[in-house]
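Work through the exercises below with the sequence and the model open. Try each task before reading its solution.

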Amino acid sequence: MKKLTFSWLAEDLKNSDEWIFRVDEKLASLTRDFVKDQFHLEKPLFEYSKKDFQVEPVLELIRSAVDQAMLGTGIALVKGLPREGLTELEFQKMIWSISLHFGVPRPQGKSTQYLSEVSNQGTQYRAPNGRGYSSNAKLDFHADSCDLALLACYNQAKSGGESLVSSSHSAWEILKKERSDLAEIASQPFTFSRNQEEASGEAPFYSQPLFDFSEEEKLFGKWNRNRVRTAQEIPEVKPLSDQQIQCMDYLDQLLHRPDLTYRMSLEPGDLQLINNHSVLHSRTGFEDFDEQERRRLLYRIWLATPDSPQLPESWEPSFGSIESGRVRGGIRGKQYDSDCYEFEKSQAEAVGMMMPEEFLDNPESPR
């Protein structure tokens, strides 16, 4: 069996288990007992640290999954984390404390939340300020604004809610082969809206290519049609050209091809890890159970990671820093304050990372 790289097809993932990591029942039970005995659920998220989760066999397993996502296939799946016997809050705090071993959490939206409940909260995905994680809509393929995204499942939907992933590296290779003219367009800047979540000092939009290369000649992918569409509603943004629209349509059609799209249903206790520089992801629409306690619920954490690669210069407007190992990415939103800064600084020190240079003199800067 061949070793997988960032350039995979759906069949490659289907026929390989090197990207799947399993927590056995004994270890899951040990972890459940640890959470029940050791966690203080009244503690705010910012008061948690790496020392709050010390089940080393689980950390070793997830460490391998992080390496797989960042250095191997761009995607990894951990199965079997304890779910039964844990409340929503216990499960949430478990995932949060685990994440602190592997990077610095990034804020994720207008409310500057560092942990998002992925559930149907009635959001209109296609609205100018819409977000997919709080809706039950079918989502466009996209990349999140972070190096590594963690998504942990507590409850599945009644139906739907299937996770879809595609390799942006494979998409680029196919696009170049089939439509080199559109690959050239995809290498030029597109304008993305911040969907009304910009922090003080940030413009409501930014521009970057869909595909670009770093100084080390590594490929990086970026896509989010919904945010390109909402950018068109901003008066200062130049209208899309016919070639750009054709490129967008072709890329979306390509990403949905059965040979490029891998489909998976996340089960309770699953933890999905996605490298946003090499994998684009989506989700099918879903229907919820009527009972509140059974409704679809996942927890999402965005991380800047110590082993993050240097980014292309064109990624700076969206990530704030392109340097390897820097705290970068995220959506600072409207409520970023000194508490957020101090948490990030402390966590950066704990995992051996550096804060962005502009923060060293001015913690109130946009990034």
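Contact here means heavy atoms within 4.5 Å. The model is predicted.

**Exercise 1. Place aspartate 259.**
Which residues is aspartate 259 in contact with, leaving aside its neighbours within four places in sequence?

Solution.
1. Find the residue. Aspartate 259 sits in the loop between helix H8 (242–255) and strand E12 (261–264).
2. Check its exposure. The relative accessible area of aspartate 259 is 39%, so the residue is partly exposed.
3. List the partners. With neighbours within four places left aside, aspartate 259 is in contact with Leu9 and Ala10.
4. Compare a remote position. Glycine 130 is 129 residues from aspartate 259 in sequence, and their C-alpha atoms are 30 Å apart.

**Exercise 2. Describe helix H4.**
How many of the twelve residues of H4 are buried?

Solution.
1. Set the limits. H4 covers residues 88–99.
2. Check the span. From first C-alpha to last, H4 reaches 17 Å, close to the 16 Å expected at 1.5 Å a residue.
3. Apply the cut-off. Buried means under 20% relative accessible area.
4. Count. Ten of the twelve residues of H4 are buried, so the helix is largely enclosed by the rest of the structure.
5. Name them. The buried residues are Glu90, Phe91, Gln92, Lys93, Met94, Ile95, Trp96, Ser97, Ile98 and Ser99.

**Exercise 3. Trace the largest nonpolar core.**
Which residues of the largest nonpolar core touch the most other members?

Solution.
1. Start with the hubs. The core has 52 residues, and Phe53, Val78, Met94 and Leu273 touch the most other members.
2. Map the elements. Those giving two or more residues to this core include helix H2 (25–38), strand E2 (75–79), H4 and helix H10 (338–351).
3. Find the main contributor. Helix H3 gives the largest share, eight residues.
4. Look around one hub. Residues up to four places away in sequence are not counted. Phenylalanine 53 then touches Thr31, Phe34, Phe39, Val58, Leu59, Met94, Ser97, Ile98 and His101.
5. Separate the other core. Apart from the largest core lies another, of 27 residues, with Leu164, Ala183, Phe211 and Leu219 among them.

**Exercise 4. Survey the enclosed space.**
How many cavities of 30 Å³ or more does a search of the whole structure find?

Solution.
1. Count. The search finds three.
2. Size the largest. Its volume is about 590 Å³.
3. Find its centre. The largest cavity is lined by 41 residues, of which His142, Asp144, His281, Arg300 and Trp302 are the closest to the centre.
4. Assign the walls. Elements that each supply at least two lining residues include strand E5 (148–155), helix H7 (225–231) and strand E16 (297–304).
5. Sort by class. The lining of this cavity has 13 nonpolar, 15 polar and 13 charged residues.

**Exercise 5. Set two pockets side by side.**
How do the residues lining the largest pocket divide by class, and how do those of the second largest?

Solution.
1. Take the largest pocket. It holds about 200 Å³ of space.
2. Locate it. Of its 13 lining residues, Phe6, Met70, Lys218, Phe220 and Pro309 are the closest to the centre.
3. Classify. Six of the lining residues are nonpolar, five polar and two charged.
4. Take the second largest pocket. About 180 Å³ of space lies there.
5. Locate it. Its lining includes Gly109, Lys110, Thr123, Gly130, Arg131 and Glu197.
6. Classify. One lining residue of the second largest pocket is nonpolar, eight are polar and three are charged.

Note on methods. Residues are numbered from 1 along each chain as its sequence is written. This is a predicted model: local features need pLDDT of at least 70, side-chain atom pairs count only at pLDDT 80 or more; totals for chains, interfaces and linings use all residues. Side-chain values use heavy atoms; hydrogens and water are left out. On a 1 Å grid over the protein atoms alone, a cavity is a set of points where a 1.4 Å probe fits but cannot get out, and a pocket is an open set with protein on both sides within 12 Å along at least five of seven lines; lining residues have an atom within 4 Å of a point. Grid points are joined across faces, edges and corners, and a volume is the space filled by probe spheres set on the points. Helices (H or I, at least four residues) and strands (E, at least two) are DSSP runs, numbered from the N terminus. Ala, Val, Leu, Ile, Met, Phe, Trp, Tyr, Cys and Pro count as nonpolar, Asp, Glu, Lys and Arg as charged, and the others, Gly among them, as polar. The expected span of a helix is 1.5 Å times one less than its number of residues. Buried means under 20% relative accessible area, exposed over 50%, partly exposed in between (1.4 Å probe, protein chains only). A nonpolar core is a set of buried Ala, Val, Leu, Ile, Met, Phe, Trp, Tyr and Cys residues joined through side-chain atoms within 4.5 Å.
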